[in-house]
Amino acid sequence: HVEHLAHLLQVEELYQTLDPDDETLETNPPSDVNSLDRNAEALLDRISGVLFTAHYHQLTSNDLEEAVRIGCQWGVKLDVNFDVFERLLVFARGYHLIKKKRRRWQNFYREETVELPEFHRLVIAFKVKHDKRMKDVFRPNVVYFKMFKNIPESDLEVLLPGSTVKLSLFDRGKILLPTISGAAITAYKIFRGVMLVTLATMTAIWNWVILIAVLSGYVIRSVFTYLSTRNKYQLGLTQSLYLKNLDNNMGVIYRLFNEAEEQELCETLLVYCIMWRHQTPISENELLEKTIEVLHTFTEQKVQFDIHDALGKLARIELATVDSRANWQAIPIEAAEAQLTLYWSQQLEKGNSLLKLQQLFSPDLP
């Protein structure tokens, strides 16, 4: 806990001049752009490490492009512009399959069920360029963090900033074909009437005005139908984001540090307890098998486990030893308590910030 607290304090200091929710930055933005860029790079590097500790994996540019391609086959089609980002990082955890239903004209609109991958947790970190298209939505020189839950891979493009709704040919056809055909038929009838009236009267100018007014009405109706269809899709996207959004900006950082600390604590305690109950030295491979077996017993799922990370922490805190044959053994409970107490005192002595915390919350401690 002390290790993660020290790390969190450093990240908070870095993010102080990069937080888009900071009210002071709106009225008095920093002028040193180069310093902001360096802080942003350092911040993203540190957050990437925290995400790795919390067992997130980073999606590559190929993964993102594939997700956008898959998303184009489902429902709303979006136009994603990756050029608006100065930095874009996407991390995911909990990759599993879900079932979704759809209807396609290729299948004569019969309902079909397909399996699609879904991310249990998704984190997006980005910094936008100085772009006219983004200036009213996102600010440059700051770093945004977004966290979502239960996101199908086909919906990933919806979460990327700068995405705009792109109507399908079918939707465009529903708007344009009735309008064009109706306008053509009406124009033909009115034009025929106007020509007949023109031959018989001198008030033909008013008939031409009527023709132009009717055609203008069809054009205006077409535009409003297009805007209504697009707004309907945009409302669906907004509702989806509202329901699946977990946190933003500094709240994402706090949540990630909490998840990373919990992951490290749980995996370290689990491996220690398995070694302690085994009593005799045990190899790393055998320890990994027993750990996965225990997790499967409680969760009924096959879980991937980073045994190297857990053993590394136990060795660093000196709660376990390894012999010349690479067999591991946990130290006794009483010795572990004493070692943790010593380690806690050593960590509190590191750094002025932690000493200040110690004096603030526990002024009577030596």
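What follows is a walk through the fold of a single predicted chain, from its overall make-up down to a few residues.

The model is predicted, so local features are reported only at pLDDT of at least 70 and side-chain atom pairs only at pLDDT 80 or more, while totals for chains, interfaces and linings use all residues. Residues are numbered from 1 along each chain as its sequence is written, and side-chain values use heavy atoms, with hydrogens and water left out.

First, the overall picture. The chain folds into 12 helices and 10 strands, taken as DSSP runs (H or I over at least four residues for helices, E over at least two for strands) and numbered from the N terminus. Of its 366 residues, 37% are buried; buried here stands for under 20% relative accessible area, exposed for over 50%, and partly exposed for what falls in between, using a 1.4 Å probe and protein chains only. Contacts, meaning heavy atoms within 4.5 Å, often link distant parts of the sequence: among those with a separation of 6 or more, 72% join residues 24 or more positions apart. The chain exposes about 22,800 Å², and 57% of that comes from carbon and sulfur atoms. Areas like this one come from the Shrake-Rupley method with a 1.4 Å probe, and for residues only the protein chains shown count as cover.

On to the helices. Two packed helices are described by the angle between their axes and the distance between the axes. Helix α8 (residues 250-278) and helix α10 (residues 307-316) have axes that come within 9 Å and cross at roughly 80 degrees. That angle makes α8 roughly perpendicular to α10, going by cut-offs of under 35 degrees for roughly parallel, over 145 for roughly antiparallel, 65 to 115 for roughly perpendicular and oblique for the rest. The axes themselves are lines fitted to C-alpha atoms, for helices over the stretch in contact, with angles running from 0 to 180 degrees between N-to-C directions. On the α8 side, the contact is made by Glu264, Glu267, Thr268, Val271, Tyr272 and Met275, and on the α10 side by Ile307, Asp309, Ala310, Leu311, Lys313 and Leu314. Sorted by class, that gives 7 nonpolar, 1 polar and 4 charged residues; Ala, Val, Leu, Ile, Met, Phe, Trp, Tyr, Cys and Pro count as nonpolar, Asp, Glu, Lys and Arg as charged, and the others, Gly among them, as polar.

Lys313 of helix α10 is worth a look in its own right. Its relative accessibility is 7%, so Lys313 counts as buried. Outside its neighbours within four places in sequence, Lys313 is in contact with Glu264, Glu267 and Thr268. Its C-alpha atom is separated by 9.7 Å from that of Leu265, which sits 48 residues away along the chain.

The strands have buried residues too. Phe145, in strand β5, has a relative accessibility of 0% and so counts as buried. Leaving out residues up to four places away in sequence, Phe145 touches Tyr15, Leu43, Leu44, Ile47, Ile124, Ala125, Asp247, Asn248, Asn249, Val252 and Ile253. Pro152 also belongs to β5 (residues 144-152) and, at 4% relative accessibility, counts as buried. Its C-alpha atom is 6.0 Å from that of Pro117, 35 residues away along the chain, and with residues up to four places away not counted, Pro152 touches Ile98, Pro117, Glu118 and Lys244. In strand β3 (residues 85-103) sits Phe91, buried at 5% relative accessibility. Its contacts beyond four places in sequence include Ser48, Leu51, Tyr56 and Arg121.

Now for some backbone details. Most residues other than glycine have a negative phi, and most peptide bonds are trans. His55, in the loop between α3 (33-53) and β1 (57-58), has a positive phi of about 70 degrees without being a glycine. Ala326, in the loop between β9 (320-322) and β10 (327-330), likewise has a positive phi, near 65 degrees. His55 counts as partly exposed at 30% relative accessibility, and Ala326 counts as partly exposed at 43%.

Last, the cysteines. The structure holds 0 disulfides, a disulfide being a pair of cysteine sulfur atoms within 2.5 Å. Cys266 is partly exposed at 47% relative accessibility, and Cys273 is partly exposed at 36%.
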